[in-house]
Amino acid sequence: MLKKISTIPFKGTPEQAEKLQAVIAECKGDKSLLMHVMQEAQEIYGYLPYEVQIMIAEGMDVPLEKVYGVSTFYAQFSLSPKGENNISVCLGTACYVKGSQQILDKISEVLGIGPGECTADGSFSLEACRCIGACGLAPVLTVNDEVYGKITEDDVPGILAKYQA
């Protein structure tokens, strides 16, 4: 699955930049610590926007292409911020067979975002995942830590309204 770069403007703080620079300073001489630095950066910022990738590349003296390649290869890294409410729709076999793709499409339509994206106001982010281990409840989606099972497209507006209030 291709990761999308966020269209939401970067809003890093000086404090965040200072924390990242401290991590980079600790690891600067060892390029094998690139993943560690990227993990710490994501912990600091919540995701790896282009601006942060540049800071990492320059600080670690590695090409920006390498940082971008690592960030897009590993599923643990996100190029978009997470919303206040993170929605994850299971596309595992049991859920998919019972209509989870249509549920994902409905959420995308209602929120105006696709998987891997965040609404402009930061209220919602949307992810498609493989299996969350609740196959008996298929199709399943989660909003933050709340699980919704045996849902249909018609349930989507009501579920979203609960978090829009």
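This passage describes the nonpolar cores, a surface patch and the salt bridges of a predicted model. Local features were taken at pLDDT of at least 70 and side-chain atom pairs only at pLDDT 80 or more, whereas totals for chains, interfaces and linings use all residues. Residues are numbered from 1 along each chain as its sequence is written, and side-chain values use heavy atoms, with hydrogens and water left out.

In soluble globular proteins, nonpolar side chains tend to be buried together. The largest nonpolar core (buried Ala, Val, Leu, Ile, Met, Phe, Trp, Tyr and Cys residues joined through side-chain atoms within 4.5 Å; buried means under 20% relative accessible area, exposed over 50% and partly exposed in between, with a 1.4 Å probe and protein chains only) comprises 21 residues, of which L20 and I56 touch the most other members. Two or more residues are contributed to this core by each of α1 (14–27), α2 (34–45), α3 (50–60) and α4 (64–73), helices and strands being DSSP runs (H or I, at least four residues, and E, at least two, respectively) numbered from the N terminus. The largest contribution to this core, 6 residues, is that of α2. Neighbours within four places in sequence aside, I56 is in contact (heavy atoms within 4.5 Å) with L20, I24, L34, V37, M38, A41, L48, D61 and V67. Another core, of 19 residues, lies apart from it and includes L91, A128, Y148 and V156.

On the surface, a nonpolar patch (Val, Leu, Ile, Met, Phe, Trp or Tyr side chains joined within 5 Å, in residues with over 30% relative accessible area and no salt bridge) is formed by I132, L137 and V147, with about 230 Å² of accessible area together. L137 is placed in the loop between β3 (124–129) and β4 (140–143) and is partly exposed, at a relative accessible area of 38%.

The model contains 3 salt bridges, each defined by a side-chain nitrogen of Lys or Arg within 4 Å of a carboxyl oxygen of Asp or Glu. E127 and K82 are paired at 2.8 Å, N to O. This pair links distant parts of the chain, 45 residues apart, with E127 in strand β3 and K82 in the loop between α4 and β1 (85–90). E127 is partly exposed at 22% relative accessibility, as is K82 at 39%.

K106 and E109 form a salt bridge at 3.9 Å, N to O; both residues lie in helix α6 (residues 100–111), 3 residues or about one turn apart. Here K106 is partly exposed at 23%, while E109 is exposed at 59%.

E146 and K162 meet at 2.6 Å, N to O. E146 belongs to strand β5 (residues 146–149) and K162 to helix α7 (residues 156–164), so this salt bridge ties together parts 16 residues apart in sequence.

How values were computed. Patches are made of residues with over 30% relative accessible area and no salt bridge: like charges are joined within 9 Å, nonpolar side chains (Val, Leu, Ile, Met, Phe, Trp, Tyr) within 5 Å. Accessible areas come from the Shrake-Rupley method with a 1.4 Å probe; for residues, only the protein chains shown count as cover.
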